[in-house]
Amino acid sequence: MTGGPKIQIRRVSKAFGAGARVMPALADVELDVAEREFVCLLGPSGCGKSTLLNIVAGFLSPTTGTVRVDGRPVTGPAPERGVVFQEYALFPWLTVTGNVEFGPVMQGRPAAERREVVARYLDLVGLRAHAHKFPAQLSGGMKQRVAIARALANTPAIVLMDEPFGALDAQTRETLQDELSRIQHLEHKTIVFVTHSIREAVYLADRIVVMTSVPGRVKQIFTVKLPEVRDRFAPEFTHYEAEITSVLREEVAKVRE
Amino acid sequence: MRTAATRPAALAAALAVWAVIAHGNALIGVVNPVLLPTPLEVGRVTVDLAGSGELPRHLLTSLGRVAQGFGLAALAALGLGLLVGFCVPLRLMLEPVIEFVRPIPPLAFLPMFLVWFGLGETSKIVFIGYTTFFPMFVAIAATVVRVDVVLLRAAASLGASRADLVRRVVLPAALPGIVVALRVGFGLALFVIVGAEFMGADAGLGHLIMEGRTFFNPAQIVMGALALGLLGSLFNTLLLAAERRLLRWRAAA
């Protein structure tokens, strides 16, 4: 599948509920994500961006429309699409090592190979010294690092991230953004990243998909033409922030009406 | 302030209170002293019955019935609890039936089991199994339902099959609830074995207690009751220790 988009989202709609109480969450979403591209889904809460991510992950099926990965329709979760959740979703009964090697265990990889994989990805997120701890012994930022290592250790082509830094304090959040950007330059994954932070989106994304609310649609797509390593205080950075803010403000105002 | 000495001290104090009341009564004679046995008298009965081999026989008989009835019920409750907790259509089908049958006091069915299975071991084992199954099953199904869907999604996206999800996510996530269910179930088994052995049994701690009544030996009644209490707290201690080992990760913080 050379040339074609890695992820193809075609006329995807999703409604929850039944009968008279049907709540439309997504309407006619069209989006292509290229291989190795970092795309941020940005929008006010309730715009269905997490719903869209869950459909791409295979956790939800669309009411109408299709999602294709490498041209094949998505029918359920699969190891080619790793997921990082806002609430970390680490297995609390497994150690850091146990969590990171969960995917390789599922793939039936031999123990020696798993040890290597665990060491490599714990090094990548700087947590090798904590390999034998349980999640309950880690801070929020460390937990999310483990979750990222766990997703990557399964060598997915695509990583789906659902507001992964949403529950972290501002300082930790920026540190993790730096790390994710560094990791992406090493790993070159296709990433779909849901956030409601404009700053975060401008810092990380190649393209930013701004969504409208209730039901969620694609409103506008921004291609971020900034250097790979970004400076949050550069005038160009601030320019993107301001432009997207004004587009998003219309949406937030609409929700209030 | 809880130290290693707290438990023995509390037990010794309770024993002392009992001794003071029983011996005091023996001196003053508020009620007939036979009706209120002293620790010494209970001790004597225990030594006599232990020496004659009667006590171990009754104890093992009861324990065997409890182990079989509770064991079978625990296996069934675990299997069906996982199945029903995991499979929504099955749950919707079974729930109304269970909610109707569950509030019926199990003792109401004991005569039925005696009619069906006679006075032998089977009726007692089935009765204990029936009694302990429902609370364990309902508790286990409820913990399985409460397993965080995000954990299941995380595992599925890492390549876990349905069998992997049950074995590697549902089971460990539900383990704390399962251990509680087993403790409740075992307590209940000791609760009802006595009732089953009151009605038509020739051995067991319940029978021993009933014999104490028939031959007017209150010390023997008290001894039987204490033996049951000891059995219950012993099993509870064992399960708590197992729980601490299995659920190390919860105490890790």
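**Exercise 1. Work out whether A:Leu60 counts as buried, partly exposed or exposed, keeping in mind that the model is predicted.**

Solution. Start with the count: A:Leu60 has 17 other C-beta atoms within 10 Å. Buried takes 20 or more, and exposed takes 12 or fewer. So A:Leu60 comes out as partly exposed.

Next, place the residue. A:Leu60 sits in the loop between helix H1 (49-57) and strand E4 (64-69) of chain A. Skip the neighbours within four places in sequence, and A:Leu60 still touches A:Lys14, A:Thr51, A:Asn54 and A:Ile55. For a distance check, the C-alpha of A:Thr75, 15 residues away along the chain, is 9.1 Å from that of A:Leu60.

**Exercise 2. Now do the job for B:Leu35: is this residue buried or exposed?**

Solution. Find B:Leu35 in the loop between helix H1 (6-28) and H2 of chain B. Counting inside 10 Å gives 10 C-beta neighbours, so B:Leu35 is exposed. Then pick B:Arg244, 209 residues apart from B:Leu35 in sequence; C-alpha to C-alpha, the two are 42 Å apart.

**Exercise 3. Sketch the overall make-up of chain B: how many helices and strands are there?**

Solution. Count the elements first: chain B has 11 helices and 0 strands. Then get the dimensions, since the C-alpha atoms fill a box of roughly 75 × 55 × 30 Å along the principal axes. Of the 253 residues in chain B, 33% are buried. Finally, look at contacts between residues at least 6 apart in sequence: 68% of them link residues at least 24 apart.

**Exercise 4. Check the length of helix H4 (residues 88-101) of chain B against what you'd expect, then say where it bends.**

Solution. H4(B) has 14 residues, and at 1.5 Å a residue they should span 20 Å. The end C-alpha atoms turn out to be 20 Å apart, so expectation and model agree. Now follow the axis: H4(B) bends by about 35 degrees at B:Leu94, with a proline, B:Pro96, following within four residues. As for burial, 0 of the 14 residues are buried, so H4(B) lies largely in the open.

Try the length check on helix H10 (residues 218-246) of chain B, too. Its 29 residues reach 42 Å from first C-alpha to last, close to the expected 42 Å. Here some residues are buried, namely B:Ala219, B:Gln220, B:Val222, B:Met223, B:Gly224 and B:Leu228. Their cover includes helix H2 (39-51), H8 and helix H9 (205-214) of chain B.

**Exercise 5. Describe how helix H3 (residues 54-86) and helix H8 (residues 162-198) of chain B pack.**

Solution. Take the geometry first: the angle is about 145 degrees and the axes are 9 Å apart. The crossing of H3(B) and H8(B) is right-handed. Then list who touches: H3(B) contributes residues including B:Val66, B:Phe70 and B:Leu78, while H8(B) contributes residues including B:Val170, B:Leu182 and B:Phe186. Sorting the contact by class gives 15 nonpolar, 3 polar and 2 charged residues.

**Exercise 6. Which helix supplies the largest share of the side of chain B that touches chain A?**

Solution. Begin with the head count: 14 residues of chain B are in contact with 21 residues of chain A. On the chain B side, helix H7 (149-157) and H8 each supply at least two residues. The largest share, 6 residues, comes from H7(B). By class, this side of chain B splits into 10 nonpolar, 2 polar and 2 charged residues.

Key:
Residues are numbered from 1 along each chain as its sequence is written. Chains are lettered from A and ligands numbered from 1 in the order in which they are written. This is a predicted model: local features need pLDDT of at least 70, side-chain atom pairs count only at pLDDT 80 or more; totals for chains, interfaces and linings use all residues. The expected span of a helix is 1.5 Å times one less than its number of residues. The bend at a residue is the angle between axes fitted to the seven residues ending there and the seven starting there. Axes are lines fitted to C-alpha atoms, for helices over the stretch in contact, and angles run from 0 to 180 degrees between N-to-C directions. A crossing is left-handed if the near helix is turned anticlockwise from the far one by less than a right angle, and right-handed if clockwise. Two residues are in contact if their C-beta atoms, placed from the backbone, lie within 7 Å. Ala, Val, Leu, Ile, Met, Phe, Trp, Tyr, Cys and Pro count as nonpolar, Asp, Glu, Lys and Arg as charged, and the others, Gly among them, as polar.
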